[in-house]
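The exercises that follow ask you to read a structure step by step, from the ligand outwards to single residues. Please try each task with the sequence and the coordinates open before you turn to its solution.

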Amino acid sequence: MKNINTDVIVVAAGLSGLAACIAAAENGAKVVVFEKSNTTGGAANMGMGPLGIGSSIQKNQMVNLTPGEAFRKHMYFTHYKVDARMVRDYYYKSGDTIDWLMDMGVEFAGVQRAFSADEATRPYSDGEFTWHVVKPEGGGMPGPRSASAMTKKMTERAVELGVEFIYETPVNKIIMEDGMVAGVIAKDKDGQETEARAKAVIIATGGFGENPEMIKELTGYEFGKTIFNFAIPGMRGDGLRMAWEAGAGRTQPSMELMYQLPDNMNHFILDGAFRQPCLWVNRNGQRFMPEDQIGNTTFTGNAITSQPGMIAYSIFDSKLLKKYKKKGPDMVSHVHPHDLYDHFDEQWEKDLEAGYEPIAQADTIEELAEKAGIDVAGLVAQVDEYNEMCEAGYDEIFEKNRNYMQPIEKGPFYCCRQNVGAYGSVGGILINHKTEVMDQDSRVIPSLYAVGTDACNIYGESYPFILSGNTMGFCLNSGRIAGENAAILIEEF
Ligand SMILES: Cc1cc2nc3c(=O)[nH]c(=O)nc-3n(C[C@H](O)[C@H](O)[C@H](O)COP(=O)(O)OP(=O)(O)OC[C@H]3O[C@@H](n4cnc5c(N)ncnc54)[C@H](O)[C@@H]3O)c2cc1C
């Protein structure tokens with residue numbers, strides 16, 4: 001058994017762990033970080049950027065959303081079912097956090113909203129300009145994985161501050177002594193154990209997205225059947241388990257829902273190409289939402305969850321495909337390549353030939369329904385009704401934006417099954433607004449903090465896509481808050 005003594009231990013070097021270790025070290029603490037994998041950044045290396053409100057970038061772009069307005073939107077959206085003080089502290093810090101990152105050398109391509117769509121109910125309508133998209137390393141268009149440039153700069157900053165990273169050494173236990181946290185036990189890849197003692201421990205292990213048993217037990221979804229979430233290696237729910245074993249209170253975790261194709265990163269062109277306000281139906285062939293709303297991936301994930309078999313289908317015809325190829329998509333995604341349809345035929349043929357199961361092509365609607373597994377009579381009736389409404393220029397059922405009322409009439413027809421997806425899990429460990437872990441009776445467990453997705457209990461039922469970049473935003477700011485508070489605690493020791 002190896003022994004280590006330090007001020008603060010951070011369990012994991014993902015996004016929230018990085019923010020926590022930098023903040024603690026900047027405030028004078030000696031910090032050791034144990035990381036399960038051989039690198040830093042966790043799931044954040046896959047993404048594009050965090051939320052910030054009131055950053056210098058927003059001021060330069062004349063975005064005038066204030067933290068107070070965001071707070072009220074968020075609390076309205078969650079029906080005040082979440083910790084208002086935590087939400088308030090997070091949003092008020094988030095603008096400064098963007099500038100803090102820029103001081104470390106992180107560059108942002110600009111600030112963006114994730115989606116915009118027409119809807120009468122305003123608070124749920126357009127996203128706000130909160131998503132600070134990171135400039136990719138080496139330049140080029142921002143896209144998936146841009147944010148790895150941010151985690152790299154953060155790692156460099158942590159190293160510069162003297163933070164010690166111990167890689168390939170997962171923590172598997174929190175040491176408790178007299179009701180207080182005294183340190184952790186970790187084991188390296190050769191089986192060598194380390195007992196590390198510290199005055200404060202910050203848990204930041206990124207949730208349980210790679211643990212199908214926990215997903216089923218805690219959220220009811222079945223991985224690979226009713227949900228096709230990103231399963232980033234290592235996200236096994238270790239932090240939740242360890243915190244709960246140490247006496248932490250439990251909150252109801254959920255999945256950070258969206259929708260996607262199975263194995264979507266290998267079928268990314270199709271994943272983007274079918275995210276259009278064309279015709280969306282359920283397994284019975286019936287429409288289930290106004291398709292002009294599918295840009296809000298959380299709401300669409302929720303809507304698909306409510307359909308039979310938790311699946312949906314998006315369908316267009318060859319006329320619509322021709323239009324997309326010529327004029328571009330009706331709805332532009334900021335995540336998928338902008339020249340999607342230039343590559344559509346190639347990817348479609350390849351995937352059809354390889355028997356990629358979610359897609360189908362046919363010359364008639366009946367045949368399409370059969371191939372895709374949709375109720376034939378239901379789809380035929382729905383297409384007839386839909387085409388009539390397109391002809392009339394008015395969607396009597398959902399009042400979809402009339403610009404998107406384009407008939408499905410000319411074969412071949414194209415169909416793609418849409419599944420519930422998720423970026424990962426959110427929540428599970430009960431914390432207060434200082435990120436201190438509390439027991440089920442809301443008593444603080446001294447010296448134990450939890451941050452990032454392990455403790456992200458502020459979304460209620462649904463991820464607030466209206467304030468996008470929210471998970472990274474929460475990870476960074478909760479991490480910073482924990483690091484600062486842990487450093488204060490150490491001074492008081
Ligand atoms: C494809 C994709 C795109 C995304 N895009 C965005 C986006 O643009 N904006 C946004 O806001 N959010 C985005 N997200 C979500 C965001 O990336 C995550 O919410 C965020 O990275 C989570 O941070 P975290 O610190 O909680 O966990 P992570 O960053 O995932 O880090 C967790 C770390 O814990 C380590 N670990 C696990 N168990 C242990 C253990 N026992 N001991 C030690 N270490 C351990 C893991 O190896 C990992 O390094 C995206 C997610 C995905 C998958």
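**Exercise 1. Rings that stack**

Task: State whether Y90 and Y91 are buried or exposed, and say how the planes of their rings lie to one another.

Solution. Begin with the burial: Y90 is buried, and Y91 is buried as well. The model is a predicted one, and it holds 19 aromatic pairs. Y90 and Y91 form one of them, with 4.6 Å from centre to centre and 25° between the planes, and this pair is stacked.

Continue with F230 and Y423, whose ring centres are 6.3 Å apart and whose planes meet at 15°, so this pair too is stacked. The two partners come from distant parts of the chain, 193 residues apart: F230 belongs to the loop between α6 (212–219) and α7 (238–245), while Y423 belongs to strand β15 (residues 413–426).

**Exercise 2. Classing the two partners by accessibility**

Task: Decide which accessibility class applies to F230, and which applies to Y423.

Solution. The step needs the cut-offs: under 20% relative accessible area means buried, over 50% means exposed, and values in between mean partly exposed. F230 has a relative accessible area of 17%, so F230 is buried. Y423 has a relative accessibility of 36% and therefore counts as partly exposed.

**Exercise 3. The ring cluster and the charges over rings**

Task: List the residues that ring pairs link into a cluster, and find which charged residues lie over the rings of Y92 and Y259.

Solution. Following the ring pairs from residue to residue gives a cluster made of F274, F316, Y324, Y341, F344, W348 and Y414. For the charges, look first at Y92, where R88 lies over the face of the ring at 4.0 Å from the ring centre. Then turn to Y259, where the charged end of R275 sits over the ring, 4.4 Å from the centre of that ring.

**Exercise 4. The surroundings of the ligand**

Task: Work out how many residues surround the ligand, and which atoms of M48, W131 and V171 lie at short listed distances from ligand atoms.

Solution. The count of residues surrounding the ligand is 36, and the closest are S16, E35, G49, D238 and M472. By residue type, this shell divides into 18 nonpolar, 15 polar and 3 charged residues.

Next, take the individual atom pairs. M48 places a backbone N or O atom 3.0 Å from an oxygen atom of the ligand, whereas W131 has a polar side-chain atom 3.3 Å from an oxygen atom of the ligand. In V171, a backbone N or O atom lies 3.0 Å from a nitrogen atom of the ligand. On its own the ligand has 1000 Å² of accessible area, and the protein covers 95% of this.

Finally, ask which secondary-structure elements take part: those that give two or more residues to the shell are α1 (15–26) and α14 (470–492). Of the elements, α14 gives the most, with 4 residues.

**Exercise 5. Backbone geometry in the loops**

Task: Identify what kind of peptide bond joins G411 and P412, and determine the sign of phi in A12 and in R145.

Solution. The bond between G411 and P412 is a cis peptide bond, with omega at about -5°, and P412 is placed in the loop between α13 (376–392) and β15.

A12 is not a glycine, yet its phi is positive, at about 105°. A12 is located in the loop between β2 (8–11) and α1, and because its relative accessible area is 9%, it is buried.

R145, another residue other than glycine, also has a positive phi, near 80°. R145 sits in the loop between β5 (131–134) and α5 (148–160), and at 45% relative accessibility it counts as partly exposed.

**Exercise 6. Two residues of one loop**

Task: Locate T40 and G47, and name the side chain with which T40 makes a polar contact.

Solution. T40 is found in the loop between β3 and α2, and G47 has its place in the loop between β3 (31–34) and α2 (56–60). With a relative accessible area of 7%, T40 is buried, and G47, at 17% relative accessibility, counts as buried too. The side chain of T40 makes its polar contact with the side chain of T155, at 2.8 Å. As for G47, its C-alpha is 24 Å from that of K225, a residue 178 positions away in sequence.

Terms used:
Residues numbered from 1 in each chain as written. Predicted model: local features only at pLDDT ≥ 70, side-chain atom pairs only at ≥ 80, totals over all residues. Heavy atoms only, no water. Near = heavy atom within 4 Å. Polar contact = N/O pair within 3.5 Å; in protein donor to acceptor, adjacent residues only side chain to side chain. Areas by Shrake-Rupley, 256 points an atom, 1.4 Å probe, with all protein chains shown as cover. Nonpolar A, V, L, I, M, F, W, Y, C, P; charged D, E, K, R; others polar. Phe/Tyr/Trp six-rings, centres within 6.5 Å; stacked < 30°, edge-to-face > 60°. Buried < 20%, exposed > 50% of the residue type's maximum accessible area, 1.4 Å probe, protein only. Lys NZ or Arg CZ within 6 Å of the ring centre and 35° of its normal.
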